Amino acid sequence: MKKLLVVIAGALLPFSGHSEVLSLDSCRALALKNNKQIQVADQAVKGAGYLKKSAFAAYLPGIDFTGGYTYNQHNIELLGEDAKLPTMSFNPATQQFQYNVLTSPDGTPIKDPATGSYIPTEVAVIPKEAMSYDIHNVFAGAFTLTQPIYMGGQIRALNDIAKYGEQMAESARNVAVQDVIYAVDEAYWLVVSLKEKEKLARSFEALMDSLCHSVNALYANGMATRSDILNVEVKLNEAKIATTKVINGVSLSRMALAQMCGLPIDDNFTLADENGISVTSAPQTYQYSMDEVFGRRQDLEVLRKSINLLEGKERLALSTMLPKIAAVGAYSFSNPNVIHGFEKRFGGGFSVGAALTIPLWHWGGNYHQYSAAKSATLSQRLLLQDMEEKVELQVKQARYKYDEAYKTLEMTRTNMQKADENLRQAQLAYKEGVLTIDDVTGAYTAWLQAHSEEVDAEIGVYLCNVYLNKVLGLMPY
């Protein structure tokens, strides 16, 4: 009966040319290629990789250049006027140098009454211009090299944070991939389900149309009433309305799948399973341990990497309380320069040294930051434990739903066989006048419902299998 009705439905379907046939794997591949959320996650992974390289660069010496220019309004004049300096001569008698000063006939030095200082007989003159320097335009620069020696574990902590940040971004991308695959599978099987129901709706409409003609023939021979005709025509109109709704549902669900796959929503394609589905395999026996499930689940991996990252932040906060040592080398130059006098040209030289910083007292600020980082890590560990408990419950529920889906499929197939037989018996009984037209239309409706439930059960098996693989961490990413 079912094969016959499928043939009838196929004959009623309008011919349409399809540009391509997409399998479930093809839809997955298209979605993974075109999904914007995955592209965002890819960029996050790429950015985390750059941060990792940036953190590693902190181990290496840094080279910087600093340059500057200054314009000064005034020059430097160290003397307000010419300087006159007293001179000294060597006295062989005393074997010492003595100032050349004015003396009286008896040899006593004479002082200036106005200033009270001795009066020199000879002076050395330093002109005012000799101690004036042109600093109107000053150019200066320096090349500096800094090599960290010990930063209190700060650099290592930054590298660990960057490493786990990259791994966390990769796990987050894997979660996004699995979510997309699961959503595509749901959309794919929804289209297949509605397509099967479209076939059923068309078959049911054809059967009701055939019944309507039969009742009209019986009415013409006086074997049926006008009420029977009206009853069947109402059922036929309901069948047509149901067919229209399911056709619209197929179109809308196909558009949703096309959008997920990155295709134009009006793209003309068919699915590989539209021609018919049938679950023939028995339920799979999944052997697993929760530790293995926890290890495979990418959402839990995100939490685990975030814990590692927060531990790195703990060490980073601790490093603010530890001493830091760095070696520094520089080449500095300026114009004018004072290396060999005051010269109006560039000149410079090298210098090396070391820098030591020891935190002494910050009113507990650094320690409180460290405590806050430890608290954040503990919170994330508790969150991971809570998520593992929920995952364990999720796995058990998914397993029960998976087994229940197969049992439901078996019962719906039994009901479908009974509905087929009930329809056949009702048709025979009506022809013999044993049943009324209400009984016959009821049998038709029960047949449609049984076949529809069988389609839902078959699709439910596929979806439950996909969901179970998802919660067990077995879905590809």
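Select E458 first: this residue is buried, with a relative accessible area of 3%; buried means under 20% relative accessible area, exposed over 50%, and partly exposed in between, with a 1.4 Å probe and protein chains only. The model is a predicted one, in which local features need pLDDT of at least 70 and side-chain atom pairs count only at pLDDT 80 or more, while totals for chains, interfaces and linings use all residues. Residues are numbered from 1 along each chain as its sequence is written, and side-chain values use heavy atoms, with hydrogens and water left out.

**Salt bridges**

Keep E458 selected and add R413. The two form a salt bridge, with the closest N and O atoms 3.1 Å apart; the term stands for a side-chain nitrogen of Lys or Arg within 4 Å of a carboxyl oxygen of Asp or Glu. E458 belongs to helix α9 and R413 to helix α8, so the pair ties together parts that are 45 residues apart in sequence. Helices (H or I, at least four residues) and strands (E, at least two) are DSSP runs, numbered from the N terminus. Unlike buried E458, R413 is partly exposed, at 26% relative accessible area.

Go next to K195 and E198, whose side chains meet in a salt bridge of 3.4 Å, N to O. Both lie in helix α4, three residues apart, which means that about one helical turn separates them. K195 is buried, with a relative accessible area of 16%, and E198 is buried at 5%. Add R202 to the selection: K195, E198 and R202 are linked in a network of salt bridges.

Then select K344 and D134, where the side chains form a salt bridge of 3.7 Å, N to O. K344 is in the loop between β11 and β12 (347-357), and D134 is in the loop between β8 (132-133) and β9 (137-150), so this pair ties together parts that are 210 residues apart in sequence. K344 is partly exposed at 47% relative accessibility, and D134 is partly exposed at 32%. The model has 23 salt bridges by this rule.

**Aromatic pairs**

Select F65 and F333. Their rings form a stacked pair, 6.4 Å centre to centre with 20° between the planes. Rings of Phe, Tyr and Trp (its six-membered ring) pair if their centres lie within 6.5 Å; planes under 30 degrees apart count as stacked, over 60 as edge-to-face and the rest as tilted. F65 lies in strand β2 (residues 62-71) and F333 in strand β11 (residues 324-335), so the pair ties together parts that are 268 residues apart in sequence. F65 is partly exposed, with a relative accessible area of 49%.

Extend the selection to Y69, F139, F143, Y331, F346 and F350, which form one aromatic cluster with F65 and F333.

Now move to Y188 and W189, an edge-to-face pair at 5.2 Å centre to centre, with 90° between the planes. Y188 is buried at 0% relative accessible area, and W189 is buried at 4%. The count of aromatic pairs is 16.

**Charges over rings**

Select R254 with F269: the charged end of R254 sits over the ring of F269, 5.8 Å from its centre. The rule asks for NZ of Lys or CZ of Arg within 6 Å of the ring centre and within 35 degrees of the ring normal. For another example, select K470, which lies over the face of Y182 at 5.8 Å from the ring centre.

**Nonpolar cores**

Select L257 and L271, the residues with the most contacts inside the largest nonpolar core, which has 46 residues. Such a core is a set of buried Ala, Val, Leu, Ile, Met, Phe, Trp, Tyr and Cys residues joined through side-chain atoms within 4.5 Å. The elements that give two or more residues to this core are α2 (24-34), α4 (154-220), α5 (226-261), β10 (269-271), α8 (365-431) and α9 (437-471). Helix α4 gives the most to this core, with 17 residues.

Leaving aside neighbours within four places in sequence, L271 is in contact (heavy atoms within 4.5 Å) with V21, L22, C27, Y188, V191, V192 and L257. A second, separate core has 22 residues, including V293, A405, V471 and L472.

**Cysteines**

Finish with C212 and C464. C212 is buried, with a relative accessible area of 10%, and C464 is buried at 18%. The model has zero disulfides, taking a disulfide as a pair of cysteine sulfur atoms within 2.5 Å.
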